[in-house]
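Colleague: I am new to this entry and would like to learn how to read it. Please show it, and we can take the ligand and then the domains.

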Amino acid sequence: MTTLKPLSGCVAQYDPNALPVEAAQEIVRQWAMPRGQAQQVERVALFDALNRVLAADVVSPIDVPAFDNSAMDGYAFSGAALSSAAQSCTLAVAGAALAGRPFEGRPAPSECVRIMTGALMPEGCDTVVPQELVTREGDAIRFPADAVRAGQNRRLSGEDLARGKPALRAGRIVRASDLGLLASLGIAEVDVQKRLVVAFFSTGDELRSVGEPLTPGTLYDSNRYTLFAMLRRLNVETVDLGIVRDDRASLEKALREATVAADVVISSGGVSVGDADFTRELMNSLGDIAFWKIAMRPGRPLAFGRLWSGPRAGTGKLALFFGLPGNPVAVMATFYFIVREALLAMSGAARQAPIVIRARCSEPIRKRAGRTEFQRGIATRDQAGQWTVATTGPQGSGVLSSMSEANCFIVLEHDRADIDAGDEVNIVPFDGLI
Ligand code: AMP
Ligand code: MG
């Protein structure tokens with residue numbers, strides 16, 4: 001079991017009240033270990049494997065393709081027929097081979113077989129000349145000698161996947177192509193990691209649930225919806241604990257309940273100055289705190305630590321805890337850049353860094369060195385293929401519409417100061433991330 005000790009070494013190099021984003025990510029990475037393997041595996045049918053994490057390597061039980069076949073519609077023959085110095089090649093057509101209906105027999109060296117894509121290569125044939133390069137002359141074909149080289153346009157058995165070799169690795173998140181690939185191997189069921197369970201709730205006396213009337217000073221709780229959606233996208237199991245009032249007893253009850261129910265607990269709100277005291281107190285009594293604030297905007301107040309379900313820290317069941325800020329954009333930015341990787345790692349997924357693209361900034365951006373900023377951007381590709389990005393406008397961390405309007409985060413690194421128009425910046429596209 002990890003203890004806080006070796007990690008505090010990591011925190012010690014920094015101000016734990018304002019960790020650089022990379023340092024926070026590193027600490028989270030160390031704490032977010034995959035859950036114990038054996039009891040966390042379940043076998044599912046292929047259609048249910050989509051977006052699940054493979055628990056073991058999938059070894060190919062067969063060669064794919066299972067037999068040499070044609071890559072083109074054309075004529076199959078022995079490449080030896082090309083060796084003569086003649087300008088063109090003439091071959092008699094001995095018959096036809098269709099996908100699923102092989103040619104029976106063995107054509108003579110001076111013969112060819114009409115063949116369709118995917119059809120079994122006839123015995124003795126290793127080359128296919130595409131039909132569009134051929135002139136048909138009665139029962140024979142003629143084509144220029146340089147139309148094809150021996151061995152061309154044939155797919156070899158085992159070319160895609162060789163029997164006995166790993167086709168997909170443990171830790172792989174099963175995507176559309178993988179599902180097809182597994183089917184192509186004739187595999188009907190796979191072992192996947194059980195879903196990670198994540199409990200989440202919102203804190204704030206001002207919050208109302210959708211369906212309730214708004215009274216002066218109240219607003220609708222949107223964070224539970226964004227969190228729900230972001231969690232679903234990662235295919236984790238969600239436990240929605242609703243809105244929790246801003247008092248110690250309610251918060252303690254929610255944290256305890258969440259720790260029992262889930263592997264990871266995520267709250268929003270209640271970690272900024274003023275609210276923070278009992279969250280901090282509770283974390284200290286129910287578990288421990290790794291860090292409290294990140295040098296990140298949006299997202300500065302972010303509590304990360306562990307919670308125990310037992311009467312004291314170190315007893316009962318353990319859950320990781322992320323206390324995200326209340327502001328709706330901060331919730332999303334901290335989820336994507338701090339929480340997401342931890343959830344993937346705990347789910348047993350192989351690490352996959354978000355895709356970063358270089359783009360030219362079309363406008364100046366004000367930025368203070370000493371914190372990482374995640375601004376909302378709209379990236380477009382110009383005719384020369386160059387990416388250009390502009391911000392969505394006001395970057396207040398409560399402006400959730402900026403997330404809906406944007407198609408990327410503009411990542412302004414810790415040490416960077418003001419950006420001039422024309423400067424290059426890194427962007428992280430939402431597609432693939434969200
Ligand atoms: P807090 O971090 O609790 O101080 O909240 C910061 C800001 O975010 C305040 O303006 C809150 O009203 C707002 N906020 C907190 N939680 C939510 C929520 N679940 N949905 C929408 N806004 C929220
Ligand atoms: Mg609050």
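Colleague: Which of the residues around ligand 1 come nearest?

Modeller: This is a predicted model, where local features need pLDDT of at least 70, side-chain atom pairs count only at pLDDT 80 or more, and totals for chains, interfaces and linings use all residues. Residues are numbered from 1 along each chain as its sequence is written, chains are lettered from A and ligands numbered from 1 in the order in which they are written, and side-chain values use heavy atoms, with hydrogens and water left out. A residue is near a molecule if one of its heavy atoms lies within 4 Å of it. Here 16 residues surround ligand 1, and E206, D221, G270, S272 and G326 come nearest.

Colleague: Which polar backbone atom is 3.0 Å from a nitrogen atom of ligand 1?

Modeller: A polar contact is a pair of N or O atoms within 3.5 Å; within protein, one must be able to donate a hydrogen and the other to accept it, and residues adjacent in sequence count only if both atoms are side-chain atoms. The backbone atom belongs to S222. A polar side-chain atom of N223 is 3.2 Å from a nitrogen atom of ligand 1.

Colleague: How much of ligand 1 does the protein bury?

Modeller: Accessible areas come from the Shrake-Rupley method with a 1.4 Å probe; for residues, only the protein chains shown count as cover. Ligand 1 taken alone exposes 480 Å², and the protein buries 80% of that.

Colleague: What separates the centres of domain 1 and domain 4?

Modeller: Domain bounds come from an automatic or database domain assignment. Domain 1 covers 4-35 + 196-346 and domain 4 covers 357-432; their centres, taken over C-alpha atoms, are 26 Å apart. With contact meaning heavy atoms within 4.5 Å, 17 residues from domain 1 and 17 residues from domain 4 take part.
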